[in-house]
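Please look through the sequence and the three-dimensional model below before reading on. The paragraphs that follow go from the overall form of one chain to its strands and then to a few single residues.

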Amino acid sequence: MPDILGVIIAKYNYWLFIVLMMVGLYAMIAKNNLIKKLVGMNIFQTAIIFFFISIAYKKGATLPIIENAHGHSDPVIYAAQYMNPLPHVLMLTAIVVSVATFGVALALAVKIYRRYQTLEEDEIRIRMRHK
Amino acid sequence: MEPIISIKPLLAVLASLLVIPVLISSSDRPNIREGWTILAGIVKFSIVVSMLPAVLQGQELVYTLFSFVPGVSIKFRVDSLGMLFALVASFLWIVTSIYSIGYMRGLKEHSQTRFFSFFALALSATIGVAFSANLLTLYMFYEILSLSTYPLVVHHQDEESRKSGRKYLIYILGASIALVLPSMIVCYNIAGTLSFSSQGILAGQASPAVLAILLFLFVFGFAKAAIMPLHAWLPAAMVAPTPVSALLHAVAVVKVGVFSIIRVLTGIFGIELLSALNLGHVIGYIAAITILVGSLIAISQNELKRLLAFSTVSQLSYIILGVALLTPKGELGGIIHIVMHAFGKITLFFCAGAIMVTTGKKYISQMHGLGKQMPITFLAFFMGSLSVIGLPPTGGFYSKWYLVLGSLQAEQLPLLLVLLTSSFLNAVYFLPVVFKGFFAPVPSEGVNSHYQEAPAMCLYPLVITGLISVGLFFYPDLFKNLIQMSIG
Amino acid sequence: MNIQYPVLIIIIPLLAAVFSSALMWGNRRLVYPLCVLALAATAINTFLLLAEVVHSGPVNYLLAGWSPPWGIQMRVDLLNGLVLCIVSVVALINLIASFRSVQQELAEKTDSFYVLYLLFITGLLGVVITADLFNLYVLLEVTSLAAYAQIAMGDRDRAPLASLNYVFLGVIGASFYLLGVGYLYIKTGSLNMMDISNILLSVYSSIAVFTAFIFCMVGIWVKMALFPLHAWLPNAYTYAPTASSRILAPLMTKVMVYVMIRLMFSVFGMDYVFQELELSQHIVLLASIAIIAGAVLALAQNNLKKMLTYIIVSEIGYLVGGAWLGNTAALTGTILHVLNDALMTFCLFLAVGNMSYKLKNLDFDNLQGLFSKMPVTMAGFALAGVSIIGIPPTCGFFSKWFLISGALEAGNYLFLIALILSSLINAILFFRVFEICLFEPMQAGHGHDYAHEHPESGIREAPVSMLVTLMLVAASLLAVGLYSGMIVNQVVAPFVSGVVA
C-alpha cells in the first residue's frame, strides 16, 4: 500500500496527464454533442502538452532565460540551473497545431449545424438517414 | 546443344495480340475485320512452323523478356513439346476463325468484334503457355487465358451465361489462385528456380510428403484439365457460342490445362522422381476415375454439346493417365492424344454447331434422320467420333494403341481395363447419334424438316478437320518424332 | 542546385500554395497552371533525387545548416526516395486527371481546393523526407488538416460529419504518436531519427522505450486505418470530392505505412522490434484479421466507392503483416506493395471518378451495362481489379509473390492463408462488379435477337483528359509489374539488406 502511494506521489505529473487524457478521450467517445466532443479533443491534446512541459522541469532549476546577456560577452552558463527549453518550444508548435485543428473542427461543426439544425450526433444521424 | 536466342517465340505470341487494335478499329467493316483475324492466324502459324526445322534437329529457341527474382524470369523456350502444342493450336485457330465467320453470321450474333478480339487474346495466351520456359511464365499466360476466355464464355450475356461464367471463374481462377500460386512459390523456395528441366528441379530438395502434397496441389490446381471433381465448369461453359466451345474447350483451354500438368510432371518433378516416389500410380488412378465417370455421365446426356463436354472431361484424363504411367510408350500415347483428340473433338463440335446454325436444334432426340439432309456433316461427325473412340482408320486409334502398350509396359492391368472399358463406353454414346441421324425416321411433328447442308464457311472447316483426323492415322510421324525427342 | 533538392521538394509546393491563395484575389485563371507547374517541378525533383540516391547513397540535408540533434535534418535514402517519387507522380497525374471533376463538383471553390491540395502534398512530402520525429508530427498534422478540409468539401449531406469523425480519430492517432515521441525524448534526449537509433542501443530494456514504441505504433495504426482502428476511412473517403479521394486513398495510408517501416527499422531497429519485443506474431495475427475483415466488409457493400475503401483496409493488412514478419522477402514485398498498392488504388479511384463524373450515383444498381457505355474506363478498372486480385503480369502479383515467400519463410501459415483467401475474395468482389457492368438488364433473350452491333451512340465516356490519365496509370500497372525485378534490385533490395540483419 505505501509503495503504490509512493509511486503515485513521486510521478504525480504522469498520473495527472493520464487522468486528463482519459477525461478527454471519454468526452470524445461517449458524449453526444459535437461541441462537447470537440472540447474533449482539446482536453486530450492539452494533456499531452502538459506531459511534455512537465518533463522539462528540473528540481531547483529556473526559467531558461539568461539574464542580462544581450550584447554582453557570453557569460558562463551552467546548464543544470536552467530548465530544458526544448519541450517548451516543441509545445508551442503543438499548441498551434491544436488550435488549428480545433478551428477546423469548429468550422465543420458550424457547417453541420447549418445543414441539420442540431449538434447532437444521434439526431444528426437520424436526419441524415431521412434525406 | 546451346539454345538459340530468337525473338520468334515472342513474335508468335504477339501476332494475335497486335491484331486486336486493328480488329477494334475495323469493327464496322466485318469482312475486313474477319480478314485480319485470318491473316493473323496465318502469320502466327507461319512463325510457329518456321521454328520447326530447328526444333526437329534438337535445338531449342529461347528468349528472355523480364527477369524477376534470381532464377525466375519471363522467358520463352521452344522445345519439342511446346512446338507440338503450338502447331496444333495455331493451325486450329485458322480453321476455327473460318468456322466462326460462318457460325456468327449464320446466327446473327451480337458483339462480334468483342468476340474476335478476345479470341485473339486467348490464342496469344495459349501460344504463350506452349512456349513458356518456366513455371512463372506458364502461370502468367494461364491466368491471362482464364481472364480472356471469360468474356467469350458469357458472350450471350443472359442469365444462363451469367451463372456459367461464375462457375467457370470459381473453378478455374479459384483453383489456380488457391492451389497453384502458393505451390509455385513453395517450389521456388525449395528449388531456387522455376525453369522446366528434363530431370525436374525438385529431386532431393524436400521430403516425400511435401513433394506429394505439392504434386496434388498442382494437379488439381490446374483446373483447366477438368480432373474430377473440378470438372463442372466444362459442361457449364457450353452456353458459349459453339466456335468458343470448339476451340477453347476442345483444344486451347483444356489442352492448356493438361499441358501445364504435363510440364509440371516432366519438367518440375521429373519422371525419375515420380517413379521413385510411386506417385505416378496415384495420379493414374485419379485420372482413371475421371475417365470412367466422365464417360458414364456422357451416356446420360441428351444435349449434344453437354455430351461432348463430358466426353472431353473423360478424354483429357487419358492424356494425364498416359503421362502418369511413367513409361515411354505411355507418355507417347498420352501426349499424342493431345493432337488426336484436338482434331477429333473439334470436328465433333463443328458438326454440333453446324447443326445448330442450320436447324436450331441442340438435343440429340431432335436429330433423328437429320443425317439424310446433312450427310457431309454427319459423316464428319462419324469420323470425329471414331477418332475419339479410338478405332482405325482414325488418328485416335494410334494414341489409344500406345496408351494400351504403355499400361502393359507399366504393368498396370487395372488401368488397361479402364482404357478398354472407356473406349467401349465412348462407342455407346457416340455411335447412336450417328446411326439415328442416318437411319432413324424423321419425326413428323409438322415442323418444316427440309434442311439443307450447313453453310459453306461452316462446312469446309469441319471437313478439313475430319479428314485430318483420318489422315493422322496414316501420317503421325511428325508429332511422333517431336514427342520422342521430348521424352528423350 | 544539386544539394538543395531536398528542401526544394517542400518549398516549391508550399510557395505555390501561398501564391495560389494570393492569386485567388488576383487573376484566378493562373491558379491551376501554377499548381501543375509546381507539382511537375516537384516530380522531376524527386526523380533526380532518387537517381542520386541510387547512384551514390543517402542524401542528407540540414535545414538552415544547424546540425542534429538540435537542427532539423532531412534524409533521403532508397526507401524515402521511392515514396517521394510515388507521392509526387500520383499528385501530378491526379491534378491533371481531376481538372474536369473539380470543376463539376466544386464549382466556386476550385481555387481553395487547389490550395488545400498543394498544402496536402507539401505535408506528405515533408512527412516522407524528414528525419526528425517532432517535425514529422507537425507535418503529419499539416497533412491531416488539409485532408480534413478537403473531405468536408464533398457530399453536402454526409461529408462534414465524416470529416469530423476523421478529425477526432486523426487527433487521437497523432497525439498518441506525439506521446510516443515524448517518451523517446525522455529516454534519449534527442529527436533525430539516426541519433535516437544510436542512443537506443543502450536502453533496450527500458519500459519507457517500450511505451514509446507502443504509443507510436498505435498512433500510426490509427492514421493508416488498420482494422479495428479503421472506422474513419470508409466514410471519409467515400464522401470526399472525387479529386480528393483520388489523392487520399492511394497516398495517405501508404505514407503512414512508410512511417511505420521507418520507425520499426531505422529508429528502433530490427533487433529491438523482433528480438526484445515478442510482439511480431500477434501483430501478424492482427494483420491477418485485418485482411480478412476488410475483404468481408467489402463483400457487404452495395456502393462501388465504399467497396473500394474496404479493399484499402484489407491492403493495409497486407502491408502491416508484411512489415511485421521480419524477414527480407516480406519486407521487400511490403515496400514493393507500397508502390504497387498506391498505383492500383490510384487507378481504381481514377476509374471510379470517371464513372461518378457521368453517373453521379455509384450504387451497384446504377452500374448496369457500363462496359458498353464506358468501355475505356471499364478497361482501366478491369486492369486495376485484376492487379488487386494478383494476376501476372500486373504489379499486384509480384508484391504478393514476395509477401507469400516471406510468410513461408517465417512459417506463418495464417498470414499465407489470409493472403490467398483475400485474393479469392477480391476476385469475387471485382467479378461481381464486372458481371453487373457486363450484363445489361435484358431479359430472356439470347444475343441471337440482336441484328446489329452496339452502335457508337451507346457510349458516353468521360472527357479525354480523364481517359488519357487513366490509360497512363493502367499501363504503368503493367510496366511496373514487368519491371519489378529491376525495381527490386535497384531500389528495394539494397535498402532491405541494409536494415534486416
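**A walk through chain C**

Chain C holds 21 helices and 2 strands, where helices (H or I, at least four residues) and strands (E, at least two) are DSSP runs numbered from the N terminus. This is a predicted model, in which local features need a pLDDT of at least 70 and side-chain atom pairs count only at pLDDT 80 or more, while totals for chains, interfaces and linings use all residues. Residues are numbered from 1 along each chain as its sequence is written, chains are lettered from A and ligands numbered from 1 in the order in which they are written, and side-chain values use heavy atoms, with hydrogens and water left out.

For the overall form, the radius of gyration of chain C, taken over C-alpha atoms with a globule rule of 2.2 Å times the number of residues to the power 0.38, is 22 Å, which agrees with the value near 23 Å for a compact globule of 501 residues. Along the principal axes, the C-alpha atoms of chain C fill a box of roughly 80 × 60 × 45 Å. Of the 501 residues in chain C, 67% are buried, a term that means under 20% relative accessible area, with exposed over 50% and partly exposed in between (1.4 Å probe, protein chains only). Among contacts in chain C with a separation of 6 or more, 80% are between residues 24 or more positions apart, contact meaning heavy atoms within 4.5 Å.

The two strands can be taken together. Strand 1 (residues 59–62) of chain C runs antiparallel to strand 2 (residues 73–76) of chain C, and 4 bridges join them; two strands pair if DSSP finds at least two bridges between them. Along strand 1 of chain C the side chains alternate, with C:V59 and C:Y61 buried and pointing to one face, whereas C:N60 and C:L62 point to the other and are not buried. Across from C:Y61, in strand 2 of chain C, stands C:M74.

In helix 1 (residues 5–23) of chain C lies C:V18, which is partly exposed at a relative accessible area of 45%. The C-alpha atom of C:V18 is 9.2 Å from that of C:L118, although the two residues are 100 apart along the chain.

Which cysteines are linked? A disulfide is a covalent bond between the sulfur atoms of two cysteines. Counted as a pair of cysteine sulfur atoms within 2.5 Å, 0 disulfides are found over all chains in a search of the whole structure. C:C395 is in no disulfide, and the nearest cysteine sulfur, that of C:C347, is 9.0 Å away. C:C395 is buried, because its relative accessibility is 0%.
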